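This briefing introduces a structure to a reader who has not met it before. Please keep the sequence and the model at hand while reading.

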Amino acid sequence: MSEPTLSIRTLVGVFGGTFNPVHYGHLRSALELVERLQLEQLRLMPSAQPPHREAPACSAEHRAAMVELAVQGEPRLACDMRELQRHGSSYTIDSLIELRSELGAGTGLCMVLGCDAVLDITTWHRWQELLDWAHIVVIARPGWELPGEGEVAQWLKGHRVENPHGLRGRPAGCIAIEELRPLAISSTEIRDILAAGRSARYLLPQSVLDYIQTNTLYR
Ligand code: ATP
């Protein structure tokens, strides 16, 4: 197959999540993707009230404040607060449409998803339109496998590019699957550790742990 025409000069990524709290699994994956895909920036975008999950006990403002602390000092990572500022239900598709209109025509948009999010994708609002607005970059996550058959498998197969250079041929519409360093850390486990009064040190940045302590979160 011939090399795609490289019409996209700049790639920007967006990594949505609950980030309850943000941890080194998120942050290390984010940084590795920045370097692997040569993203200009990757924005961690905390969800306000996820439509497809129970509302997290920790407020969106606290979760976003922790993301802001976690990315301090790393200019290639940023916190995108748009979902917190929106009234009513917040859908990923709305964020992608907004981001797409803010970025110039020469900039591609990559939405980063973990495998667990991909398995759920058909429950997302207007999921089949996501690729109209962004590329999707799937990160392989420890303990998760992508489906081999069915609707999601067909969707992945139909849009997949083997080489991340393929993402620079157009501003949206392709799926890349990236295997990154596996770090078996989850927010659930961190919340459990803290609730049990044990130490979560070295699983997440110390600045985030200090914030948790100051604001007596996850007790
Ligand atoms: P929870 O345990 O509360 O479900 P989580 O640790 O999975 O939280 P989320 O905020 O739900 O974190 O995740 C946001 C995104 O980050 C998801 O797409 C998820 O797949 C991905 N992700 C979470 N943990 C890791 C990890 N250790 N390595 C790579 N990706 C991760």
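The points below take up the sheet, the helices packed on it, the ligand site and two backbone details.

The structure is a predicted model. An open sheet of 6 strands pairs its members in parallel, and 21 residues surround the ligand.

**The sheet**

- The strands of the open sheet follow the order 3-2-1-4-5-6.
- Strand 3 (77–79) and strand 6 (175–179) are at the edges; each has a single partner strand, so one side of each lacks a neighbour in the sheet.
- From one strand to the next, the twist averages 25°.
- Strand 1 and strand 2 (residues 41–46) run parallel and are joined by 6 bridges.
- Within this part of the sheet, Gly-16 is placed opposite Met-45 of strand 2.

**Helices on the sheet**

- Helix 1 packs on the sheet and touches strand 1, strand 2, strand 3, strand 4, strand 5 (135–140) and strand 6. The direction of helix 1 makes about 150° with that of strand 2.
- Helix 4 (residues 92–102) also packs on the sheet, where it touches strand 1, strand 2 and strand 4. Its direction makes about 155° with that of strand 4.

**The ligand site**

- Of the 21 residues that surround the ligand, the closest are Phe-19, Asp-116, Leu-183, Ser-187 and Thr-188.
- The shell around the ligand consists of 6 nonpolar, 11 polar and 4 charged residues.
- At least two residues of this shell come from each of strand 1 (10–17), helix 1 (24–37), strand 4 (107–114) and helix 8 (187–195).
- Two contacts involve the protein backbone: a polar backbone atom of Phe-19 is 2.8 Å from an oxygen atom of the ligand, and a polar backbone atom of Leu-183 is 2.7 Å from a nitrogen atom of the ligand.
- A side chain takes part as well, with a polar side-chain atom of Thr-188 lying 2.4 Å from an oxygen atom of the ligand.
- The ligand taken alone exposes 590 Å², and the protein buries 92% of that area.

**Backbone details**

- Most peptide bonds are trans, and most residues other than glycine have a negative phi.
- The peptide bond from Asn-20 to Pro-21 is cis, with omega near 0°. Pro-21 belongs to the loop between strand 1 and helix 1.
- Arg-126, a residue other than glycine, has a positive phi, near 50°. This residue is located in the loop between helix 5 (115–119) and helix 6 (130–133).

Terms used:
Residues numbered from 1 in each chain as written. Predicted model: local features only at pLDDT ≥ 70, side-chain atom pairs only at ≥ 80, totals over all residues. Heavy atoms only, no water. Near = heavy atom within 4 Å. Polar contact = N/O pair within 3.5 Å; in protein donor to acceptor, adjacent residues only side chain to side chain. Areas by Shrake-Rupley, 256 points an atom, 1.4 Å probe, with all protein chains shown as cover. Helix = DSSP H or I, 4+ residues; strand = E, 2+ residues; numbered from the N terminus. Nonpolar A, V, L, I, M, F, W, Y, C, P; charged D, E, K, R; others polar. Pairing = 2+ DSSP bridges. Axes fitted to C-alpha atoms, helices over the stretch in contact; angles between N-to-C directions. Contact = heavy atoms within 4.5 Å.
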